[in-house]
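Let's take a walk through this model together, starting at a loop and working inward from there. Have the sequence and the 3D view open side by side as you read.

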Amino acid sequence: MRKEDKGIIINKIAETIKQFSCFYLVETAGLDAEKTSALRRACNKADIKLVVVKNTLLHKALESLDGDYAELYPALKGATSLMLSNVGNAPAKLIKDILKADKDATLPALKAAYVEETVYVGADQLNTLASIKSKSELIADVVAMLEGPVNEVLSALDAGTTIHGLLDAIEEKNA
């Protein structure tokens with residue numbers, strides 16, 4: 001491959017990574033054609049982009065980006081696929097679902113991940129990554145926590161309770 005072609009590919013990889021908020025480095029080399037196709041379909045359905053990359057080109061693309069990706073470089077051995085997503089836990093959940101569906105499966109295997117500006121290295125991080133809440137899930141949790149007390153006040157007022165009775169109920173609850 002010519003040096004100019006490598007430069008174009010490195011830039012394309014870097015631009016692709018910039019479009020997503022997180023990415024996973026995954027081992028998929030041992031999958032047969034049927035399982036690879038199933039993985040690609042599952043990724044498309046979950047809005048995850050799956051790209052097979054050469055380690056040296058990915059390494060150079062990461063070096064060209066802002067940010068510190070040095071902890072990921074040791075994971076760039078063997079065949080590497082890149083799973084890109086804007087939802088931090090989506091690739092981890094997908095990998096877990098695939099491995100759960102086929103008890104004998106060992107692939108796809110997580111090598112490392114870069115999620116919310118944090119690096120996770122090793123397959124043992126899969127459960128941690130799957131339990132990370134996405135931005136929209138966190139916002140929903142905050143809204144639910146804020147809605148609770150407001151709903152209690154509104155339901156008490158709708159029930160015809162006087163303000164005095166409402167204040168007494170709040171005082172008893174806090175005591």
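E116 sits in the loop between strand 4 and strand 5, the latter covering residues 118-121. This is a predicted model, and the backbone here is worth a look: phi of E116 is near 50°, a positive value in a residue other than glycine. Its neighbour E117 belongs to the loop between strand 4 and strand 5 too, and again there's a positive phi, about 60°, on a residue that isn't a glycine. Why does that catch the eye? Because most residues other than glycine have a negative phi. As for the surroundings, E116 counts as exposed at 52% relative accessibility, and E117 is exposed as well, with a relative accessible area of 70%.

Now go back along the chain to the other end of strand 4, which spans 109-115. In the loop between helix 4 (90-101) and strand 4 you'll find P108. The peptide bond leading from L107 to P108 is cis, with omega near 0°. That stands out because most peptide bonds are trans.

While you're in this region, have a look at helix 4, where A92 is found. Is A92 buried or exposed? With a relative accessible area of 0%, A92 is buried, since anything under 20% gets that label. From A92 to D102 you count ten residues in sequence, and the C-alpha atoms are 16 Å apart in space.

Next, the strands. Strand 4 pairs with strand 1 through five bridges, and the two run antiparallel. One spot to click on is F23, which stands opposite Y114 in strand 4. Strand 1 also has five bridges to strand 3 (residues 80-85), again antiparallel. F23 turns up here too, standing opposite L84 in strand 3, while L25 stands opposite L82 in strand 3. So how much of strand 1 (residues 22-27) is buried? Five of its six residues are, so strand 1 is largely enclosed by the rest of the structure.

Strand 3 has another partner to follow: five bridges join it to strand 2 (residues 49-53), in antiparallel fashion. Pick L50 and look across, and you'll see that its bridge partner in strand 3 is M83. What about burial in strand 3? Six of the six residues are buried, so strand 3 is largely enclosed by the rest of the structure. You can check this on either side: T80, L82 and L84 point one way from the strand, S81, M83 and S85 point the other way, and all are buried.

Finally, let's turn to the surface. K3, K6, K54 and K60 form a positive patch there. K6 lies in helix 1, residues 3-18, and is partly exposed, with a relative accessible area of 39%. A patch of another kind, nonpolar and about 330 Å² in area, is made by V142, M145 and L146. V142 is in helix 6, which runs over residues 135-158, and at 43% relative accessibility V142 counts as partly exposed.

Definitions and conventions:
Residues numbered from 1 in each chain as written. Predicted model: local features only at pLDDT ≥ 70, side-chain atom pairs only at ≥ 80, totals over all residues. Heavy atoms only, no water. Patch = residues over 30% accessible without salt bridge, like charges linked within 9 Å, V, L, I, M, F, W, Y side chains within 5 Å. Areas by Shrake-Rupley, 256 points an atom, 1.4 Å probe, with all protein chains shown as cover. Salt bridge = Lys/Arg side-chain N within 4 Å of Asp/Glu carboxyl O. Lys, Arg positive; Asp, Glu negative; His and termini not counted. Charge placed at Lys NZ, Arg CZ, Asp CG, Glu CD. Helix = DSSP H or I, 4+ residues; strand = E, 2+ residues; numbered from the N terminus. Buried < 20%, exposed > 50% of the residue type's maximum accessible area, 1.4 Å probe, protein only. Pairing = 2+ DSSP bridges.
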